[in-house]
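Biologist: Please show me the model, and let us then discuss it by question and answer.

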Amino acid sequence: MFDVDRWREIFQSINKNRLRSVMSGFTVAFAILLFTLLFGVASGLGNFFKSAFADDAQNMMFVRVWKTTKPYKGLQTGRAIQLKNTDYNYVTEEYEDQIQYQSARIYKNFSIKYKNEASTYNVRAVHPDHQFLEKTMMDQGRYLNNRDLREKSKVIVIGRLVKKDLFGEKPALGKRVNVNGSSFLIIGIFSDEGGDNEERMAYIPVTTAQMMYGNNDYINQINLGYNPSLSTDAAIAFGKKVERDMRKRLNIHPDDQSALSVRNMAEANKFVGILMFALFLIIGFIGSGTLVAGIIGISNIMIFVIKERTKEFGIRKALGATPGSIVRMVVQESVLITTLAGYFGLTLGTYILTAIGNSLEEQYFIKDPSVSPGIVIGATVVLIISGLIAGYVPAKRAARIKPIEALRAD
Amino acid sequence: MIKIENLHKSYPIGKDSLHVLKGIDLHIKEGEFVSIMGSSGSGKSTLLNIVGLLDIHDAGNYYLNGQLIKDLNEKKAAILRNKFLGFVFQSFNLISYKTALENVALPLYYKGINKKERLKVAMDYLDKVGLKDWASHLPNELSGGQKQRVAIARALVTNPKVVLADEPTGALDTTTTDSVMDLLKDINDEGMTVFVITHEEEVANQTKRIVRLRDGVIINDTLTKVAKAL
């Protein structure tokens with residue numbers, strides 16, 4: 001394959017016939033460009049779906065309760081269900097192996113006050129693992145820890161926008177704020193990808209909240225992160241099992257969705273996975289169709305080119321070129337043109353995708369469209385093979401040229 | 001050098017076949033300067049194609065440099081052409097996008113000689129045909145006579161056993177015809193076997209032996225005055 005002299009011959013032939021070479025390369029460049037754009041758009045859609053769930057951890061599930069809508073075991077409908085610490089402890093101990101993160105959650109609406117600035121905020125009382133479940137990112141300071149919970153400390157982690165509301169540009173870390181009448185120490189400031197609502201919020205230890213406001217062991221919700229080593233299907237099954245288990249424990253009718261339900265990210269993940277698979281199947285089909293059209297196109301042009309060069313091949317043969325050397329020359333030229341043109345298309349496509357960036361996210365749900373390095377390597381291999389296929393038929397034809405016919409005086 | 005015994009060749013035309021060569025016997029020794037004369041349709045081009053290994057004969061024997069030519073596949077024919085034969089064509093047949101020097105060097109590429117050596121040898125032969133200064137010109141920048149001299153240099157560059165020239169002066173005017181014939185004579189004087197096909201008496205008269213062909217048979221085979229004068 002690597003023969004410096006043959007490459008020289010090919011470069012000369014391409015270089016001296018630029019228009020012809022560009023024309024042959026055009027179809028492939030165009031096909032690859034389309035292929036790249038299609039693939040990029042598909043991955044952009046995929047990125048959008050992924051980021052739509054970016055607010056929370058991918059493996060999150062939560063148990064929430066409301067009022068019963070079905071009578072069960074002599075209990076009436078309309079009964080409010082209350083989760084307690086014992087329920088939380090039961091789930092986390094019973095399913096320890098299947099759980100990566102665990103946190104209870106209590107919802108409160110409290111006024112938070114600093115000097116003359118005050119406002120009412122959504123305050124969540126949680127366990128330390130909640131940080132990972134909610135994908136809370138610490139900008140300053142730290143999140144709640146186990147010691148805070150053990151000591152029922154009056155500490156608070158505030159959102160970026162809470163800090164902005166109350167402190168403006170001034171530092172807030174280490175300052176004390178008044179939360180519903182009690183003084184809390186700010187130990188951290190966080191941001192969250194989930195949007196403004198998620199950043200105009202504060203977190204306090206669940207134990208502190210239970211002690212201060214009611215002195216009970218009530219919780220509103222149990223949040224879990226299932227073990228990431230579970231398959232999607234296993235995770236869905238796990239969610240169902242927890243749901244059945246909890247209904248039994250709390251004397252709820254097995255079909256009462258309203259009284260207790262488990263919302264499981266695994267189900268959404270599965271849906272997105274199926275959607276993406278279908279999308280890539282369609283794109284792959286269209287993309288490879290385009291590519292095949294490109295290959296046939298270049299092959300056609302090469303056949304035309306061979307006709308145009310009949311005389312040249314006749315001369316070469318008269319001067320001692322073997323049919324094999326003609327085949328190798330044409331195929332190599334085809335591979336070179338295909339690869340260069342394909343790379344041009346690929347680069348152009350990548351540039352366009354980069355230029356698009358996130359500008360289509362709002363309207364068309366395409367976020368950060370791009371092609372992965374794996375696709376690029378795959379495309380290179382496909383291009384070389386395409387060049388081989390595209391060049392082979394014309395090359396065979398070129399090798400069959402009879403010098404006498406080619407050189408007949410004209 | 002070239003020995004032909006009872007050579008036959010016919011071409012199929014529809015259901016019929018056209019019998020072009022009807023039993024040719026010809027012996028050309030090393031160092032001869034032979035012309036084949038004949039009107040069009042006499043079979044002279046067919047004979048040249050067979051001698052030049054560009055076509056295959058139907059019956060009879062053909063020995064090139066003592067080797068019986070039989071059952072040649074394309075690859076073998078290509079190698080033999082490269083090794084033993086140099087071609088000069090009426091329409092020059094230079095590759096248009098290659099310079100004079102590159103055209104001359106091309107047969108050496110197929111012989112597997114490295115680029116440096118190729119260009120050096122090619123330059124020597126261009127010098128020999130008086131076109132050293134034109135080495136970097138493309139064919140369309142050369143006159144007809146110059147093109148044919150480049151083609152002759154290309155035919156000689158592999159140092160073949162026989163130079164086959166098919167109407168080498170057919171596309172040239174009288175003056176350039178003479179200069180090309182002089183060049184072929186010089187080559188012959190150095191010992192090269194030269195085999196010319198022509199329909200021009202003046203050209204044939206400058207060779208040493210004339211073989212006349214009509215309707216696929218040799219009707220006359222004589223030495224010219226040039227040969228007798230030696």
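The exchange below treats the chains, one helix and two loop residues in turn.

Biologist: On what basis should the model be read?

Modeller: This is a predicted model, in which local features need pLDDT of at least 70 and side-chain atom pairs count only at pLDDT 80 or more, while totals for chains, interfaces and linings use all residues. Residues are numbered from 1 along each chain as its sequence is written, and chains are lettered from A and ligands numbered from 1 in the order in which they are written.

Biologist: How many helices and strands are there in chain A, and what share of its residues counts as buried?

Modeller: Helices (H or I, at least four residues) and strands (E, at least two) are DSSP runs, numbered from the N terminus. On that basis chain A has 15 helices and twelve strands. A residue is buried if 20 or more other C-beta atoms lie within 10 Å of its own, exposed if 12 or fewer, and partly exposed in between, with C-beta atoms placed from the backbone. Of the 410 residues of chain A, the buried share is 40%.

Biologist: Which helix supplies the largest share of the side of chain B that touches chain A?

Modeller: Two residues are in contact if their C-beta atoms, placed from the backbone, lie within 7 Å. By this criterion 22 residues of chain B are in contact with 19 residues of chain A. Helices H2 (74–84) and H3 (100–111) of chain B each supply at least two residues of that side of chain B. The largest share, six residues, comes from H2(B).

Biologist: Which residues of H9(A) are buried, and why do they lie on the same side of the helix?

Modeller: H9(A) has 18 residues and reaches 26 Å from its first C-alpha to its last, close to the 26 Å expected at 1.5 Å a residue, where the expected span is 1.5 Å times one less than the number of residues. The buried residues cover an arc of only 165 degrees around the axis, and therefore lie on the same side of H9(A); the arc is that of the directions from the helix axis to the C-beta atoms. On the other side, Asp233(A) and Lys248(A) are exposed. The buried residues are Ala235(A), Phe238(A), Gly239(A), Val242(A), Glu243(A), Met246(A) and Arg247(A).

Biologist: At what angle do H9(A) and H10(A) pack?

Modeller: Thr232(A), Ala235(A), Ile236(A) and Gly239(A) in H9(A) meet residues of H10(A) including Ala266(A) and Gly273(A). Axes are lines fitted to C-alpha atoms, for helices over the stretch in contact, and angles run from 0 to 180 degrees between N-to-C directions. Helix H9 (residues 232–249) and helix H10 (residues 265–308) of chain A have their axes 9 Å apart and pack at an angle of about 150 degrees.

Biologist: Which residue just after H9(A) takes a positive phi?

Modeller: The residue lies in the loop between H9 and S12 of chain A. With 14 C-beta neighbours inside 10 Å, the residue counts as partly exposed. Although not a glycine, the residue with this positive phi of about 55 degrees is Asn251(A).

Biologist: What is the phi of Asn180(A)?

Modeller: Asn180(A) is placed in the loop between strand S7 (176–179) and strand S8 (182–191) of chain A. Asn180(A) counts as partly exposed, because 15 C-beta neighbours lie inside 10 Å. Although Asn180(A) is not a glycine, its phi is positive, about 50 degrees.
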